[in-house]
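The following exercises concern an annotated site in a protein model. Each task is followed by a worked solution.

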Amino acid sequence: MAASLLRPRSVLFAPGNRADLIAKLPRSAPDAVVIDLEDAIPGTAEAKAAARPVARDAARDLIAAAPHLAVFLRVNAPHSPYFADDLAVLTPELAGVVVPKLESAADVQRVAKALEAHDLNLPLLAGLETGAGVWNALEILREEAVTLAYFGAEDYTTDLGGRRTAGNLEVLYARSKVALAARLAGVAALDIVVTALNDEAAFRADAEQGRALGYAGKLCIHPAQVALAHDIFGATPAEAARARALLDAAHAAAERGHGAFSFEGQMVDEPMLSAARAVLAALPEADHE
């Protein structure tokens with residue numbers, strides 16, 4: 001999987017029943033996109049059934065029109081009555097499947113077996129957005145099928161009977177725990193959505209919180225949010241240049257047989273080198289040289 005997919009800065013959603021919006025997803029140049037059959041579709045059997053062929057055909061057309069774009073499809077939760085029928089929409093050409101409201105390792109295993117029964121080997125973007133899902137985050141994210149994760153603050157707060165606030169204090173523990181579990185499991189975590197679509201300041205403040213907690217990128221529900229996510233979760237040219245210079249200096253020191261060396265007046269240790277590698281790994285592939 002490409003570096004940009006291992007740590008996407010932005011993942012842009014569109015409703016699975018809106019082929020017109022799905023076709024426009026590449027315009028804002030997100031790192032990945034999600035065609036949504038879950039929250040974006042009314043929770044009735046009729047609405048879900050009507051959305052599936054639209055999502056399937058729109059995904060096919062989008063992959064053909066933008067072959068370098070990572071296209072995911074979000075199905076309904078494994079314990080919902082819609083999950084089994086959603087699987088028929090999935091195809092091997094997708095970059096992966098987004099599975100919401102996972103609550104245990106057994107849930108992941110159930111999904112993996114269901115995909116195998118459909119001859120599909122798709123990576124999972126695991127949604128942790130209930131109390132049980134957050135509590136069991138580490139065991140869920142350590143499952144082999146999981147390659148990315150996201151935390152869903154809206155559903156989590158609803159599950160706990162709480163209230164969402166602008167300051168995010170009510171989700172600080174859960175948001176932090178998911179980021180920590182993702183780090184221990186070795187997968188990137190994507191941060192919560194910002195529902196204030198026309199409030200750039202609110203998005204930036206929220207995204208800065210997420211980055212400070214260790215999130216790799218942001219779930220986006222409006223095209224205008226993509227560039228903001230790239231600005232906050234991506235490395236600046238200066239940060240990338242410094243990371244390259246530091247790693248070059250480390251390579252030169254190793255060739256001279258020096259285990260320790262200084263860079264810009266500071267003694268270098270392994271955490272500094274790991275941080276520099278992470279900066280470069282998060283860059284789009286075109287910027288790696």
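**Exercise 1.** Determine whether Arg-74 is buried or exposed, and place this residue in its surroundings.

*Solution.* Step 1: Arg-74 has 6% relative accessibility and therefore counts as buried (buried means under 20% relative accessible area, exposed over 50%, partly exposed in between; 1.4 Å probe, protein chains only). Step 2: Arg-74 belongs to strand β3, residues 70-74 (strands are DSSP runs of E, at least two residues, and helices runs of H or I, at least four, numbered from the N terminus). Step 3: beyond neighbours within four places in sequence, the contacts of Arg-74 include Phe-13, Asp-36, Glu-38, Val-98 and Tyr-150 (contact means heavy atoms within 4.5 Å).

The model is predicted: local features need pLDDT of at least 70, side-chain atom pairs count only at pLDDT 80 or more, and totals for chains, interfaces and linings use all residues. Residues are numbered from 1 along each chain as its sequence is written, and side-chain values use heavy atoms, leaving out hydrogens and water.

**Exercise 2.** Locate Glu-129 and identify the polar contact of its side chain with Tyr-150.

*Solution.* Step 1: Glu-129 sits in the loop between β5 (124-128) and α6 (131-135). Step 2: with 2% relative accessibility, Glu-129 counts as buried. Step 3: the side chains of Glu-129 and Tyr-150 form a polar contact at 2.5 Å (a pair of N or O atoms within 3.5 Å; within protein, one must be able to donate a hydrogen and the other to accept it, and residues adjacent in sequence count only if both atoms are side-chain atoms).

**Exercise 3.** Which residues does the UniProt annotation "binding site" cover?

*Solution.* Step 1: the unreviewed UniProt entry assigns this annotation to Arg-74 and Glu-129. Step 2: they span 56 residues in sequence, yet their C-alpha atoms are no more than 14.1 Å apart, so they gather at one spot.

Conventions. UniProt positions are given in the numbering used here, feature names are shortened, and annotations may be inferred rather than shown by experiment.
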